[in-house]
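The following exercises concern the architecture of one protein chain. Each task is followed by a solution in steps.

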Amino acid sequence: MPPKERRTRLLLTSELAEELGVSARLIQQYRQDGILTPTMETPKGHARWDLEDVRTQLRALRKRTGD
């Protein structure tokens, strides 16, 4: 029997901001500036985020900037 696929619930921008302890506006600005890339985008252009993916993106950013 194949292993069960782990289904990740994608977060709204406001939910992601709450999880990270930042403002939704900051997440939106990072997205606009190309710092963060959403996991998916709805047909109407709304971002959906995987928390672990965003954490990975932020860790990579810290390594690049030396923070």
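**Exercise 1. Determine how much of the protein chain counts as buried, and describe the order of its elements.**

Solution. In this predicted model, 24% of the 67 residues of the protein chain count as buried. The secondary structure consists of three helices and two strands. Read from the N terminus, these elements follow the order α-α-β-β-α. Among the contacts with a separation of 6 or more, 38% join residues 24 or more positions apart.

**Exercise 2. Characterise the packing of α1 against α2.**

Solution. Begin with the geometry: α1 spans residues 13–20 and α2 spans residues 24–32, and the two helices pack at an angle of about 110° with their axes 8 Å apart. Angles of 65 to 115 degrees count as roughly perpendicular, and α1 is therefore roughly perpendicular to α2. Next, identify the residues that meet. On the α1 side they are Thr-13, Ser-14, Leu-16, Ala-17 and Leu-20; on the α2 side they are Ala-24, Ile-27 and Gln-28. Sorted by class, this contact holds five nonpolar and three polar residues, with no charged ones. Finally, consider the residue just after α1: Gly-21 there adopts a positive phi of about 75°.

**Exercise 3. Establish which residues of α1 are buried, and how they are arranged around the axis.**

Solution. With buried taken as under 20% relative accessible area, the buried residues of α1 are Thr-13, Leu-16 and Ala-17. Around the axis they cover an arc of only 100°, so they lie on the same side of α1. A general property of helices is relevant here: an α-helix has 3.6 residues a turn, so residues three or four places apart point the same way. The cover over the buried residues of α1 includes α2, β2 (47–48) and α3.

**Exercise 4. Compare the span of α3 with its expected value, and locate its buried residues.**

Solution. Helix α3 (residues 51–65) contains 15 residues, and the distance from its first C-alpha to its last is 21 Å, close to the 21 Å expected at 1.5 Å a residue. Its buried residues are Leu-51, Val-54, Gln-57, Leu-58 and Leu-61. Viewed down the axis of α3, these fall within an arc of 120°, so they line one face of the helix. Both α1 and α2 are included in what covers them.

**Exercise 5. Is Thr-8 buried, exposed or partly exposed, and how far is Thr-8 from Trp-49?**

Solution. Thr-8 belongs to the segment before α1. Its relative accessible area is 34%, so Thr-8 is partly exposed. Thr-8 and Trp-49 are separated by 41 residues in sequence and by 9.7 Å in space, C-alpha to C-alpha.

Note on methods
Residues are numbered from 1 along each chain as its sequence is written. This is a predicted model: local features need pLDDT of at least 70, side-chain atom pairs count only at pLDDT 80 or more; totals for chains, interfaces and linings use all residues. Side-chain values use heavy atoms; hydrogens and water are left out. Axes are lines fitted to C-alpha atoms, for helices over the stretch in contact, and angles run from 0 to 180 degrees between N-to-C directions. Helices (H or I, at least four residues) and strands (E, at least two) are DSSP runs, numbered from the N terminus. Angles under 35 degrees count as roughly parallel, over 145 as roughly antiparallel, 65 to 115 as roughly perpendicular and the rest as oblique. Contact means heavy atoms within 4.5 Å. Ala, Val, Leu, Ile, Met, Phe, Trp, Tyr, Cys and Pro count as nonpolar, Asp, Glu, Lys and Arg as charged, and the others, Gly among them, as polar. Buried means under 20% relative accessible area, exposed over 50%, partly exposed in between (1.4 Å probe, protein chains only). The expected span of a helix is 1.5 Å times one less than its number of residues. The arc is that of the directions from the helix axis to the C-beta atoms.
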